Amino acid sequence: MFNLFSKDLGIDLGTANTVVHAKGKGIVVREPSVVAMDITTKTPMAVGDSAKEMIGRTPSNIVAIRPLKDGVISDFNVTQKMLKYFISRALGTEHPYIRPRVVICVPSGVTPVEERAVKEAAMAAGAKDPIILEEPMAAAIGAGLPVSEPTGNMIVDIGGGTTEVAVISLGGIVTSRSIRVAGDEMDDAIIAHIKRRYNLMVGYRTAETLKFEIGYAYQAEKGTYTVRGRDLLTGLPKTIEVTSEEIQEALQEPVMAIVDAVKSCLEKTPPELSSDIMDRGIMMAGGGSLLRNLDRLLSEETGIAVHIAEDPLSCVAIGTGNVLEHAEILRRIAASQKS
Ligand SMILES: Nc1ncnc2c1ncn2[C@@H]1O[C@H](COP(=O)(O)OP(=O)(O)OP(=O)(O)O)[C@@H](O)[C@H]1O
């Protein structure tokens, strides 16, 4: 099906990061899903890493846009420009005349209209017959789960915009739950907490750094971190010290929403498959799974062992790239996308 001269790409078009896997090469692009646009000329000034640097620091004629906020395409034109940039980065200068075969991964909660928008964006970016794959399936394949076997595999993929929970058996999703709560909501919760408690406005980058440095979901070593922001009363810059305990408290709501999504998916799972999951454990993937001790909390709450995929941030792209080797899954996707 995929000839020798074709370029096969698997793209995890994520809310926070876009990761591209090229057949035979591995991960070739990993950059934030951010575009800095000049609003007067409507042209992109920067994409990816350099655009993320600009968030919160742009003059009035430039806006740094995350076109996939909340796991859906909020800005079609900008998404198209971003995809085009990442596809051409992935292809480099080789075979410029070849249109790549592309598999793109989208959150399972997207509507058919949003799915079509992703396909159109990929075609406009030069892809040939793009295939859309559900994110939990990609994550499960990327995590090395035996998705084609008659056994229950549970995957919990916590990204930036969405958390996807799914039980997979025999190459198909048996039960799933997708919520628009993941890493971004954790950052928002931190921003809201600091605003409430300290009357201090901090940016999204600062909130994310706090999450990385001292955030945790369940019993961890305590620590503090110094952050700078704008005092909402005086309007002046101010420095405060934040503790890990208060960050954990702030993260409670989004973290428990994720735990509840896993529990509700388990409740809908047929008993045979539940018993397989009890034996094999739950697999977590996505950047959000790296929140300190989230695996321990989930295990405590469900009574099931929880594992984190080997490379949680690349898992979906690796699985998306590798699905090209799963002919039976591709056939099922092709059939469902025709119907
Ligand atoms: N060490 C870490 N601790 C906590 N969160 C982390 C860590 N590393 C990355 N993250 C978070 O993971 C999220 C990004 O994960 P990922 O790249 O898997 O998402 P995505 O694929 O872009 O999003 P989606 O799947 O929702 O489309 C961000 O919210 C980021 O802050």
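In this predicted model, strands E13 (residues 224-231) and E14 (residues 237-243) run antiparallel to each other and are joined by seven bridges. To get a feel for the register, take Thr226: its bridge partner in E14 is Glu241. The two strands make a hairpin with five residues between them, and within this hairpin Gly235 takes a positive phi near 80°.

A second hairpin turns up much earlier in the chain, built from E4 (residues 35-38) and E5 (residues 43-47). Here too the pairing is antiparallel, this time over four bridges, with Met37 matched to Pro44 in E5. Four residues sit between the strands, and Lys42 in the turn has a positive phi of about 55°. E4 has another partner as well: strand E6 (residues 62-65) runs antiparallel to E4, and four bridges join the pair. In that pairing, Val35 of E4 stands opposite Ile65 of E6.

Next comes an open sheet of five strands. Reading across, the order is E3-E2-E1-E7-E8, and the pairing is mixed. Strand E3 (26-32) and strand E8 (128-134) are the edges, each pairing on one side only. From one strand to the next, the twist averages 20°. Inside the sheet, E1 (residues 8-13) and E7 (residues 101-106) lie parallel, held in register by five bridges; Ile11, for instance, has Ile104 as its bridge partner in E7. Helix H3 (residues 112-124) packs on this sheet and touches E1, E7 and E8. The direction of H3 makes about 145° with that of E8.

Stepping back to the whole protein chain, the domain assignment splits it three ways. Domain 1 takes in 8-138 + 316-338, domain 2 covers 144-181 + 253-312, and domain 3 spans 183-251. Domains 1 and 2 are thus each written as two stretches of sequence, while domain 3 is a single one. Between the C-alpha centres of domain 1 and domain 3 there are 31 Å. These two domains do meet, though: four residues of domain 1 are in contact with five residues of domain 3. On the domain 1 side of that meeting point, two residues are nonpolar and two are polar, with no charged residues.

The model also holds a ligand, with 24 residues around it. Coming nearest are Gly14, Ala16, Gly159, Gly183 and Gly287. Two elements give two or more residues to this shell, namely helix H5 (183-198) and helix H6 (204-214). H6 makes the largest contribution, with three residues. Sorted by class, the shell has twelve polar residues, eight nonpolar ones and four charged ones.

As for confidence, the mean pLDDT of the protein chain is 89, and 94% of its residues reach 70 or more. The start of the chain is another story: over residues 1-5 the pLDDT is below 50. Beyond near neighbours in sequence, that stretch has five contacts in the model. For the model as a whole, the scores are ipTM 0.98 and pTM 0.89.

Note on methods: Residues numbered from 1 in each chain as written. Predicted model: local features only at pLDDT ≥ 70, side-chain atom pairs only at ≥ 80, totals over all residues. Near = placed C-beta within 6 Å. Nonpolar A, V, L, I, M, F, W, Y, C, P; charged D, E, K, R; others polar. Pairing = 2+ DSSP bridges. Domains from an automatic or database assignment. Contact = placed C-beta atoms within 7 Å. Axes fitted to C-alpha atoms, helices over the stretch in contact; angles between N-to-C directions. pLDDT = per-residue confidence, 0-100.
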